[in-house]
Amino acid sequence: MTDVLTLTKALINKKSVTPEDAGCMDLLADLLTPLGFVVEHLDFGDTKNVWIRKGSQAPLFCFAGHTDVVPSGPAEKWQTPPFEATEKDGMLFGRGAADMKGSIAAMVVATQRFIQANPDHKGSIAYLITSDEEGPFINGTTKVIDTLEERNEKIDWCIVGEPSSTAKVGDVVKNGRRGSLTGDLIIKGIQGHVAYPHLARNPIHQVAPALAELANTHWDSGNEFFPPTSFQISNINGGTGAGNVIPGELHICFNFRFSTEVTDQELIKRVTELLDKHQLEYDIKWTFNGQPFLTAAGDLVAATVDAIKDCTGIDTELSTAGGTSDGRFIAPTGAQVVELGPVNATIHKIDECVNINDLSTLTSVYQNILQRLLA
Ligand SMILES: [Zn+2]
């Protein structure tokens with residue numbers, strides 16, 4: 001049996017800044033193969049991924065996560081060296097402690113305990129681990145899912161170990177995420193002297209009423225699980241720097257975080273119609289960052305909610321807030337997906353840490369979920 005604290009420390013001590021894995025996956029493979037897991041490396045470009053599966057029967061339960069971490073930032077600003085796991089005041093410090101090496105360690109220990117208690121469990125258990133979650137997410141989970149889809153290997157239930165909790169481990173579970181769509185808009189005018197505006201066309205003046213309308217548009221009302229779709233302008237740049245020149249162009253960048261009440265195509269259509277209505281001359285480039293997904297109800301949500309209640313006494317909150325995650329690549333296959341991991345207060349920060357007791361609690365919750373679904 002592996003100790004969850006020891007394993008978390010061993011993972012933190014491997015400096016796996018995106019897209020490096022630094023031997024983390026081999027360590028997991030070494031612990032899982034004696035239990036009957038088969039390891040398959042699915043590397044694409046500079047990204048290492050691994051699919052580790054035990055059993056060939058349905059239903060298939062999958063733990064998903066990433067071994068890569070974000071850079072430490074200036075190491076001298078840390079209280080303890082970022083890549084040397086250090087215990088202090090009941091906390092474990094180090095880059096990746098909460099996002100998400102602690103979760104991965106808890107998954108492995110939970111799996112060991114579950115299989116020891118249930119050697120003849122039903123279904124299959126798998127691990128989908130990538131070294132590219134914090135980076136450009138091109139060669140990571142999305143490519144592994146493509147590979148699984150090609151051979152019709154279907155995940156039924158997936159727990160993503162992203163740090164979902166806010167104050168106490170288990171207080172929040174993510175059962176969906178909003179979609180994300182970015183627009184880069186160039187409004188075209190005609191440059192000229194401010195004293196001769198009839199010889200120029202001011203793109204800032206032209207777009208102002210359209211921006212006001214975009215900012216005030218009610219895109220949808222959200223639903224039981226999602227807040228209303230939000231539109232935010234993130235960048236706006238125009239002007240030559242001189243006070244007497246009307247600029248020839250204006251650049252605007254904006255982003256939608258959208259609910260399941262609209263689609264990316266509907267948003268694109270509505271923005272385009274609005275810009276056309278204002279008779280603007282423009283170019284627009286869209287970047288689609290992910291569909292919204294939702295696991296509303298079902299075996300996985302029920303097992304997760306009940307396991308958290310069992311192990312912590314907490315009535316967990318189901319939430320779709322926050323940024324995107326790799327769940328967006330897994331859910332479209334039809335899998336039920338929830339994200340459950342440690343408290344996220346220090347992720348990506350200087351002095352990232354995880355509560356040592358929370359690692360044990362998380363291990364128990366993961367094991368309890370396996371017990372409910374596969375025993
Ligand atoms: Zn993460």
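**Notes on the open sheet and the zinc site**

1. Four strands make up an open sheet, ordered S12-S14-S10-S15, with antiparallel pairing. Keep in mind that this is a predicted model. The edges belong to S12 (230-238) and S15 (282-290); each has a single partner strand, so one side of each has no neighbour in the sheet. From one strand to the next, the twist averages 15°.

2. Zooming in on one edge: S12 pairs with S14 (residues 249-258) in the antiparallel sense, over 8 bridges. If you want a register check, asparagine 235 has cysteine 253 in S14 as its bridge partner.

3. Now the helices. H5 (residues 203-216) lies across S10 (179-188), S12 and S14, and runs at about 10° to S14. H6 (residues 264-277) also packs on the sheet, where it touches S10, S14 and S15. The direction of H6 makes about 160° with that of S15.

4. On to the metal. The zinc ion is coordinated by His66 through NE2, by Asp99 through OD, and by Glu162 through OE, listed twice, at 1.9 to 2.7 Å. The angles among the 4 donor atoms run from 51 to 142°, and the site is irregular. Tetrahedral would need all angles between 85 and 135 degrees, so this range rules that label out.

5. Along the sequence, the donor residues follow the spacing H-x32-D-x62-E. Aspartate 99 sits in helix H3 (residues 97-117) and glutamate 162 in the loop between S7 (157-160) and S8 (172-174), so the pair ties together parts 63 residues apart in sequence.

6. Are these two acids buried or exposed? Aspartate 99 is buried, at 4% relative accessible area, and glutamate 162 counts as buried at 9%.

Key
Residues are numbered from 1 along each chain as its sequence is written. This is a predicted model: local features need pLDDT of at least 70, side-chain atom pairs count only at pLDDT 80 or more; totals for chains, interfaces and linings use all residues. Side-chain values use heavy atoms; hydrogens and water are left out. Two strands pair if DSSP finds at least two bridges between them. Helices (H or I, at least four residues) and strands (E, at least two) are DSSP runs, numbered from the N terminus. Axes are lines fitted to C-alpha atoms, for helices over the stretch in contact, and angles run from 0 to 180 degrees between N-to-C directions. Contact means heavy atoms within 4.5 Å. Donors are N, O and S atoms within 2.8 Å of the metal (3.2 Å for Na, K and Ca); water is not among the atoms, so sites may look incomplete. Four donors count as tetrahedral if all angles lie between 85 and 135 degrees; four count as square planar and six as octahedral if opposite donors are over 155 degrees apart and all others between 65 and 115; anything else is irregular. Buried means under 20% relative accessible area, exposed over 50%, partly exposed in between (1.4 Å probe, protein chains only).
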